[in-house]
Amino acid sequence: MPLGERTGDEKSESRYCGVETEFSDDVPQLLSSNLHGGFDFVVAPLMDPTYRPSLMDDGSNGAGLLPFAGSDLVLSPSQWSGHVVGKISSWIDLDSEDEVLRTDSEITLKQEISWASHLSLQACLLPSPKGPSCANYARCVNEILQNLTSMQLWLTIPLEKSDSDAGGANPDHMIDSWYLWNSFRLLCEHHSQLSVALHVLPSLPSANSLGRWFGESVRAAIISSNSFLTNARGYPCLSKRHQNLMAAFFNHSIQIVISGEQLHSLPPGNLDTTANNSDNHNEGLHLHPLRSYLDYVAYLYQRMDPLPEQERFELGYRDYLQSPLQPLMDNLEAQTYETFEKDTVKYIQYQRAISKALLDRVSDEEASTLTTVLMVVGAGRGPLVRAALQAAEETGRKLRVYAVEKNPNAIITLHSLVKLEGWEKEVIIISCDMRCWDAPEKADVLVSELLGSFGDNELSPECLDGAQRFLKPDGISIPSSYTSFIQPITASKLYNDVKSHKDLLHFETAYVVKLHRVARLASTQPVFTFAHPESSTKRKNDRYKKLEFEIPCDTGSAMVHGFAGYFDATLYKDVHLGIEPSTATSNMFSWFPIFFPLRTPVCVQPGIPLIVHLWRCCGSTKVWYEWCVSSPVSTPVQNPNGRSYWVGL
């Protein structure tokens with residue numbers, strides 16, 4: 001039974017809650033009792049925990065049956081795959097100094113995962129490494145991963161405090177469990193089928209330390225009954241920090257698994273009071289010993305706000321890598337135009353900027369006699385033309401608009417729009433590349449929407465430098481300036497998606513992506529700024545920037561898979577537009593961030609600066625970016641000479 005309904009989140013895996021169980025040789029009864037108890041799946045041992053290969057009778061000549069929980073026929077294939085996560089024996093220790101235990105562990109691990117694969121289980125839960133050294137365990141798991149088809153392996157990692165959070169505690173007893181995960185996944189080559197099951201403990205690390213996990217491939221969170229507190233009415237509840245963590249798990253499609261024994265003696269009466277759960281229509285729901293914990297988790301899920309309309313629109317784009325547009329080389333399709341034109345917030349901002357420019361340009365006394373010449377360069381299908389004419393009507397100013405567009409298909413739509421709206425006297429359509437057009441007169445205002453996710457990555461500087469000759473010496477450019485920003489991120493999913501192509505080209509490409517399962521490790525820093533009109537005729541558009549990022553001390557170590565890029569633009573005076581997180585324009589969806597991947601992820605530690613270099617390079621036919629890291633380690637300069645990724649002029 002799902003935890004509840006949440007508008008816009010109907011397909012999220014976090015709606016389903018599991019329960020960790022003990023071994024049972026009656027799997028149908030085990031599954032039935034837990035499903036009827038309200039849980040959606042069980043995390044159940046597949047093999048009798050007393051089994052040891054070294055204790056098996058050698059006289060059986062290999063004919064002895066392994067003590068699995070039951071035949072594959074005791075459940076239907078859909079029950080096995082949809083409601084059972086295999087739990088690998090917790091006693092295994094593949095890095096033990098005891099050779100017998102180590103050998104038994106390796107044999108058992110392979111036997112259990114082979115059986116789980118035969119059952120078509122979607123996932124298996126691996127026990128946490130027994131110590132900081134896990135090389136043999138990781139080697140065996142990596143060997144298994146090479147032959148797995150689709151099953152995920154969830155490695156249990158306790159969510160423990162790091163040394164920097166310990167407040168002077170003995171470092172021998174306080175480790176940062178992220179190191180354990182990082183060591184294991186590096187030994188397994190960042191395999192995409194290896195994920196994390198975080199074991200949530202009663203005490204939590206700092207918010208920054210928790211935050212880095214949301215860029216890792218966390219698939220499940222196991223929360224023990226001993227992590228729950230008791231409220232005034234005797235029911236289980238969680239601390240405020242645990243509640244916030246649960247909300248973050250829900251938002252990142254991380255499934256909750258409840259484990260442990262019933263530790264709360266519930267008061268007599270309705271067991272569902274805490275959660276206000278009215279779905280208790282199946283007989284026996286209240287009999288499950290962990291039902292009150294499940295109800296509280298469901299209550300936390302149900303009280304979350306519905307996903308905003310913008311988030312629902314962007315759901316399908318989350319963590320999906322897209323190549324940036326090539327607006328000069330390629331003509332946009334109608335569907336692309338339509339998507340951008342639906343972004344009303346963007347055009348409201350443009351209209352505000354144009355209104356302010358018209359008021360500054362023409363006084364009230366001249367409003368009835370003076371006509372402002374406004375050029376829209378890159379007019380597309382006309383949304384900026386409409387915004388300009390609405391601004392003129394709003395301010396009572398007279399306007400003559402030149403709509404310059406190189407796409408012959410968009411020109412057809414522009415002509416239809418002008419005729420339909422009766423704008424023939426105000427709008428002159430120019431079917432031409434702005435860089436080749438000879439304007440019949442100078443413009444008072446030059447308007448464009450050539451910005452990309454990184455500000456200058458769709459060649460706005462080159463286009464506007466070429467169009468600047470249209471502008472009067474005291475003319476106004478909208479936008480008047482824009483700045484790009486970057487920040488280091490943990491983005492395990494994005495890294496694995498790039499790595500799956502198994503080539504250099506994809507690691508040297510900058511992608512547009514709706515970032516979701518990422519951890520932002522430091523605040524953004526500005527990179528390149530361009531201003532229009534550009535006063536210096538000798539100024540080139542090549543740029544170079546060296547940036548130094550500091551990871552907050554309480555974060556602990558983290559893995560940098562690449563850099564997220566944003567922009568912020570000043571349209572005119574105090575009217576701005578942008579996606580830089582701290583100043584982002586609300587409810588605007590025309591731009592997703594850009595992602596610069598690293599070929600080799602870099603592990604960063606607090607106190608050691610992360611030094612990044614970024615170049616914007618210009619050639620006669622193309623513009624491209626190059627990037628690298630020089631501290632704490634040096635990485636190769638990516639995309640030299642634009643060999644893999646460029647934007648064509």
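# Exercises on packing and burial

S253 is partly exposed, with a relative accessible area of 24%; the label covers values from 20% to 50%, with buried meaning under 20% and exposed over 50% (1.4 Å probe, protein chains only). The model is predicted: local features need pLDDT of at least 70, side-chain atom pairs count only at pLDDT 80 or more, and totals for chains, interfaces and linings use all residues. Residues are numbered from 1 along each chain as its sequence is written, and side-chain values use heavy atoms, leaving out hydrogens and water.

**Exercise 1. Find S253 in the chain and describe its backbone.**

Step 1: S253 sits in the loop between α7 and β10 (255-259). Helices (H or I, at least four residues) and strands (E, at least two) are DSSP runs, numbered from the N terminus.

Step 2: Now look at the backbone. S253 is not a glycine, yet its phi is positive, near 55 degrees.

Step 3: Compare H190, which also has a positive phi, about 55 degrees, without being a glycine. H190 belongs to the loop between α5 (177-187) and β6 (194-200), and with a relative accessibility of 10% it counts as buried.

**Exercise 2. Describe how helix α7 packs on helix α8.**

Step 1: Two numbers are needed, since a pair of packed helices is described by the angle between the axes and the distance between them. For α7 (residues 240-251) and α8 (residues 291-302), the angle is about 70 degrees and the axes are 10 Å apart. The axes are lines fitted to C-alpha atoms, for helices over the stretch in contact, and angles run from 0 to 180 degrees between N-to-C directions.

Step 2: That angle makes α7 roughly perpendicular to α8. Angles of 65 to 115 degrees get this name, those under 35 count as roughly parallel, those over 145 as roughly antiparallel, and the rest as oblique.

Step 3: α7 and α8 cross in a right-handed way. A crossing is right-handed if the near helix is turned clockwise from the far one by less than a right angle, and left-handed if anticlockwise.

Step 4: Q243, M246 and F250 of α7 make the contact with Y296, V297, L300 and Y301 of α8; contact means heavy atoms within 4.5 Å.

Step 5: Sorted by class, this contact has six nonpolar residues, one polar and no charged ones. Ala, Val, Leu, Ile, Met, Phe, Trp, Tyr, Cys and Pro count as nonpolar, Asp, Glu, Lys and Arg as charged, and the others, Gly among them, as polar.

**Exercise 3. Work out the packing of α3 and α4 in the same steps.**

Step 1: Helix α3 (residues 99-118) and helix α4 (residues 135-145) have axes 11 Å apart, at an angle of about 25 degrees. α3 is therefore roughly parallel to α4.

Step 2: The crossing is right-handed.

Step 3: R102, E106, L109, K110 and I113 are the contributors from α3, while α4 brings N136, Y137, R139, C140, V141, E143 and I144. The classes are six nonpolar, one polar and five charged.

Step 4: Check the chain before α3. S96 is in the loop between β3 (84-87) and α3, and counts as buried at 12% relative accessibility. Leaving aside residues up to four places away in sequence, S96 touches L101 and R102. From S96 to N136 the C-alpha distance is 9.3 Å, although 40 residues separate them in sequence.

**Exercise 4. Place L446 and trace its contacts.**

Step 1: L446 is part of strand β14 (residues 443-448). Its relative accessibility is 3%, so L446 counts as buried.

Step 2: Apart from residues up to four places away in sequence, L446 touches M375, V377, L464, A467, F470, L471, I476, S477 and I478.

Step 3: Take I478 from that list. It is 32 residues from L446 along the chain, with 6.1 Å between the C-alpha atoms. I478 is joined to P479 by a cis peptide bond, with omega about 10 degrees, and P479 is in the loop between β15 (471-478) and β16 (481-490).

**Exercise 5. Put these pieces into the whole protein.**

Step 1: Count the elements: there are 16 helices and 26 strands.

Step 2: Add burial: 54% of the 649 residues count as buried.
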